[in-house]
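Subject: Structure handover

Hello,

Here is the structure I promised to pass on. Please open it alongside this note; what I found in it follows below.

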Amino acid sequence: MQTLEVDLGERSYPIHIGDQLLSRGEFFREHIGGKQVAIVTNETIAPLYLDRLVDALVGVTVTPIVLPDGEAYKNWQTLNLIFDALLTARLDRKVTIIALGGGVVGDMAGFAAACYQRGVEFIQMPTTLLSQVDSSVGGKTGINHPLGKNMIGAFYQPQAVIIDTSTLSTLPPRELSAGLAEVIKYGLICDEPFLGWLEEHVQALRSLDAAVLTEAIRRSCAAKAKVVGADERESGIRAILNLGHTFGHAIETHQGYGVWLHGEAVSAGMVMALEMSCRLGWLPASDRDRAVSLLARAGLPVTPPADMTSEDFLRHMAVDKKVINGQLRLVLLKRLGEAVVTADFPREVLEATLRVDYD
Ligand code: NAD
Ligand code: MG
């Protein structure tokens, strides 16, 4: 088991990472202030892990709230189901909400915690690799609106994050690889030695070696915690966490959400950001190739969809000639392990990057 601390002054909290932590109540009981717990989860995760967690919660009353599964349900209607259940069970301001699931459950449960009775305590228990290394840390919570993803929400930090690596054994391998895209991202943006470590351990990660997973998650969370600690509300440096995401969002939008997993789109998007960094003369081609090969070994796509043109990218990146000279900011690499957020690049370099035949 490993523990690290997210340092946010009075909103600081620990992240515990290890095998079988869901069954080990000693690691989270101290973060439950009252006698009432509500567990928010979904219909896929409940049959797998709900009993295990309920058994570990001795001495408190537990209200399970089981939501439908899917990004399509990350909306106001489903959020209201959480409030219905909390109110029906007459849970008061001392309730602790536990989010047991992936990023969708975590984002919704966290937002419900921020709103219910003007804010109650909550604990993140993420069960996908993506949520363990990314969404459970940093306090962004929320839901989608028909007019935009994650458009309604709040910054709201949990009391603790409890990461049980054994939950990854039931995760579809494609979802695991999608989480590895964000893990590799941390190496690229701020931890070059971690990239070398990942090159050695990518196979062990894909075969779910508990000790190796714990170490990869710890280093990823440490990277995210450091960035979030420096810029909790994303007024500056936190944006480096979006490496590959502007290109990736264009891919997700073009394909229709859910065709490519987010991590898959981010992987191809990071390849494009690396390519652009090379073209700006910042990154040697050998470093780009090294990163591309690691992403491929993690089971991730390293080329954008074959049918997507540079015009498609420009359209989805909302780039017209005016915006490009003023505002489009991209996360690029000055070198491996050092990202910058910049609007200072010639439009031709972006266009050339979009026209590259990546196959
Ligand atoms: P997800 O929550 O949809 O989970 C993916 C699928 O895996 C779901 O079907 C889920 O039910 C299933 N699942 C979860 N754990 C499982 C397990 N242990 N075994 C078997 N199946 C399991 O997707 P995700 O990738 O975890 O999260 C994506 C969401 O996170 C998006 O809504 C995104 O906006 C959000 N997000 C938030 C932040 C943030 O900072 N708050 C950061 C990144 C992403
Ligand atoms: Mg992401």
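Start with strand 3 (residues 36-42). Seven of its seven residues are buried, so strand 3 is largely enclosed by the rest of the structure. Bear in mind that this is a predicted model.

In a regular strand, side chains point alternately to one face of the sheet and the other. Strand 3 is covered on both faces. Gln 36, Ala 38, Val 40 and Asn 42 are buried on one side. Val 37, Ile 39 and Thr 41 are buried on the other.

Which strand pairs with strand 3 over seven bridges? Strand 4 (residues 61-67) does, in the parallel sense. Two positions help to fix the register. Thr 41 stands opposite Val 66 of strand 4. Asn 42 has Leu 67 of strand 4 as its bridge partner.

The sheet

Both strands belong to an open sheet of seven strands. The order is 1-2-9-6-5-3-4, and the pairing is mixed. Strand 1 (2-6) and strand 4 are at the edges. Each has a single partner strand, so one side of each is left without a neighbour in the sheet. On average, neighbouring strands are turned by 20 degrees against each other, direction ignored.

Two helices that pack on the sheet:

- Helix 2 (76-88) touches strand 3 and strand 4, and its direction makes about 155 degrees with that of strand 4.
- Helix 7 (residues 210-230) touches strand 1, strand 2 (13-18) and strand 9 (160-164), and its direction makes about 10 degrees with that of strand 1.

Helix pairs

Helix 7 also packs with helix 6 (residues 192-206). The angle is about 145 degrees, and the axes are 10 Å apart. The crossing of helix 6 and helix 7 is left-handed. From helix 6, the residues involved are Phe 194, His 201, Ala 204 and Leu 205. They meet Val 212, Leu 213, Ala 216 and Arg 219 in helix 7. By class, that contact has six nonpolar, one polar and one charged residues.

Helix 9 (residues 262-279) and helix 13 (residues 347-355) form another pair, at an angle of about 135 degrees with their axes 9 Å apart. That angle makes helix 9 oblique to helix 13. Helix 9 passes helix 13 in a right-handed crossing. Helix 9 contributes Met 272, Glu 275, Met 276 and Arg 279 to the contact. Helix 13 contributes Val 349, Leu 350, Ala 352 and Thr 353. The classes here are five nonpolar, one polar and two charged residues.

Backbone points to check

Two residues deserve a look on your Ramachandran plot.

Arg 90 is not a glycine, yet its phi is positive, near 55 degrees. Where does Arg 90 lie? Arg 90 is in the loop between helix 2 and strand 5 (96-101). Is Arg 90 buried or exposed? Arg 90 counts as exposed, because it has 9 C-beta neighbours inside 10 Å and the cut-off for exposed is 12 or fewer.

Asn 150 also is not a glycine and has a positive phi, about 55 degrees. Asn 150 sits in strand 8 (residues 148-155). With 13 other C-beta atoms within 10 Å, Asn 150 is partly exposed.

Best wishes

Note on methods:
Residues numbered from 1 in each chain as written. Chains lettered and ligands numbered in written order. Predicted model: local features only at pLDDT ≥ 70, side-chain atom pairs only at ≥ 80, totals over all residues. Helix = DSSP H or I, 4+ residues; strand = E, 2+ residues; numbered from the N terminus. Buried ≥ 20, exposed ≤ 12 C-beta atoms within 10 Å, placed from the backbone. Axes fitted to C-alpha atoms, helices over the stretch in contact; angles between N-to-C directions. Parallel < 35°, antiparallel > 145°, perpendicular 65-115°, else oblique. Left-handed = near helix turned anticlockwise from the far one by under 90°. Contact = placed C-beta atoms within 7 Å. Nonpolar A, V, L, I, M, F, W, Y, C, P; charged D, E, K, R; others polar. Pairing = 2+ DSSP bridges.
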